[in-house]
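User: Please go through the structure below with me, beginning with the surroundings of the ligand. I should like each reply to end on the item asked for.

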Amino acid sequence: MAGSPENAMVLSSTADEDEKQRESRSKREIISTLPTEKAWKIQGLMYQYQGFWYYSGGAVEGVMWMQKCFKARNEDVLLVSFPKCGTTWLKSLMFSIMNRTRYDFSAHPLLTSSPHELVPFLEFYAEQNIPFPDLDTLSSPQLFHTHIAFTSLPQPVIDSQCRIVYICRNPKDVFVSSFCFLSRWNIVVPLEEAFELFCKGISVYGPFWDHVLGYWKASLASPQRILFLKYEDVKRDSLCQVKRLAEFMGFPFSSEEEGQGLIHEIMELCSFENLRNLKVNKTGAISVGNVSTGKDTFFRKGEVGDWKNHLTAEMADRIDRIMEEKLKGSGLTFSDSCDS
Ligand code: A3P
């Protein structure tokens, strides 16, 4: 089954137990030398690895393991996102597009499984040290997800022809969504403190601007390999963006499929309202990295511009100025309200 968690790991690991222990020791040694900063979590540190920030206790190890072991095949598709930019939505859309001839909408896997169970998060599998099936035993193509920065992508991904879909979002909503997500666990520092850290570039997989610019520039240089999407565009013009996504992934809709209303059916299946109200997404927990979170935490408001309910005018202005400076000359801009 394309994109299933069972089959979706194309990672190789032949290391025996001793070698694993040696590797883990050497990772710990590297990590102990990394720059650290205070995390958004009340207790805890973040580590800077290859220019990006990660929580302690798994994420850095996950990235390192991916860099060592992950292999993508030319036909595979990799979804990359900055956290809280619409990963859940894109996982649902991409899974539905890729597997549309396999399932009837009345018995679709999205009705009984969380999108996060259907499209695996690579760092998580790496963090959990789960053995990965042999590449040759997996059907092709496969769909994977990672939050990894462009400059940290495993070399086999760069060298392959696999397609990469990157989703990002306006930074004010990203900040608010991230803060609200962590708030659900009652472990987050006050909003003002988290805001200061975000503005300094310190957030999970941050700095935000370096993450988005990495994929933005790569998408301009290799548009056939990297599709750069914005949450706001998918919200505003879902039909056009879903068609574009399917074409890019190598699964274009035929005019017959369009005529049958298949794109609309996929959009409806993957809509915020539909997914949020499914029992499977309202109850139970799921592991993300080394923590467990309620499946419902991935569905909060699903709106553009909710930052207005959380940030002061000064805070908004400050992020705008930072983005102006950081993105200057790149051609990348964000719209951060429903009307723009
Ligand atoms: P909000 O917190 O602003 O509501 P991620 O999936 O990358 O963690 O991003 C989570 C954000 O995407 C949350 O934003 C969540 O509500 C929103 N989201 C989840 N599913 C969605 C969907 N089907 N359509 C639109 N937005 C969705």
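User: How do the residues of the shell around the ligand divide into nonpolar, polar and charged?

Analyst: This is a predicted model, in which local features need pLDDT of at least 70, side-chain atom pairs count only at pLDDT 80 or more, and totals for chains, interfaces and linings use all residues. Residues are numbered from 1 along each chain as its sequence is written, and side-chain values use heavy atoms, without hydrogens and water. Ala, Val, Leu, Ile, Met, Phe, Trp, Tyr, Cys and Pro count as nonpolar, Asp, Glu, Lys and Arg as charged, and the others, Gly among them, as polar. The shell then divides into 8 nonpolar, 6 polar and 4 charged residues.

User: How many residues surround the ligand, and which are the closest?

Analyst: A residue is counted if one of its heavy atoms lies within 4 Å of the ligand. By that criterion 18 residues surround the ligand, and the closest are Thr87, Thr88, Ser177, Lys301 and Gly302.

User: Which helix gives the most to the shell around the ligand?

Analyst: Helices are DSSP runs (H or I, at least four residues), numbered from the N terminus, as are strands (E, at least two). Both α3 (87-98) and α14 (272-277) supply at least two residues of the shell. The highest contribution, 3 residues, comes from α3.

User: What percentage of the ligand's accessible area does the protein cover?

Analyst: An oxygen atom of the ligand is 2.5 Å from an N or O atom in the side chain of Thr88. For polar backbone atoms, the distance to a ligand oxygen is 2.7 Å at Lys301 and 2.7 Å at Gly302. Of the 570 Å² of accessible area (Shrake-Rupley method, 1.4 Å probe) that the ligand has on its own, the protein covers 98%.

User: How are α11 and α13 oriented to each other?

Analyst: Helix α11 (residues 238-249) packs on helix α13 (residues 262-269) with axes 10 Å apart and an angle of about 105 degrees. Axes are lines fitted to C-alpha atoms over the stretch in contact, and angles run from 0 to 180 degrees between N-to-C directions. Since 65 to 115 degrees counts as roughly perpendicular, α11 and α13 are therefore roughly perpendicular.

User: Which residue precedes the cis peptide bond to Pro207?

Analyst: Pro207 is placed in the loop between α8 (191-199) and α9 (208-221). Most peptide bonds are trans. The bond into Pro207 is cis, with omega near 5 degrees, and the residue before it is Gly206.

User: What is the phi of Lys84?

Analyst: Lys84 lies in the loop between β4 (77-81) and α3. Most residues other than glycine have a negative phi. Lys84 has a positive phi, near 75 degrees.

Definitions and conventions:
Polar contact = N/O pair within 3.5 Å; in protein donor to acceptor, adjacent residues only side chain to side chain. Parallel < 35°, antiparallel > 145°, perpendicular 65-115°, else oblique.
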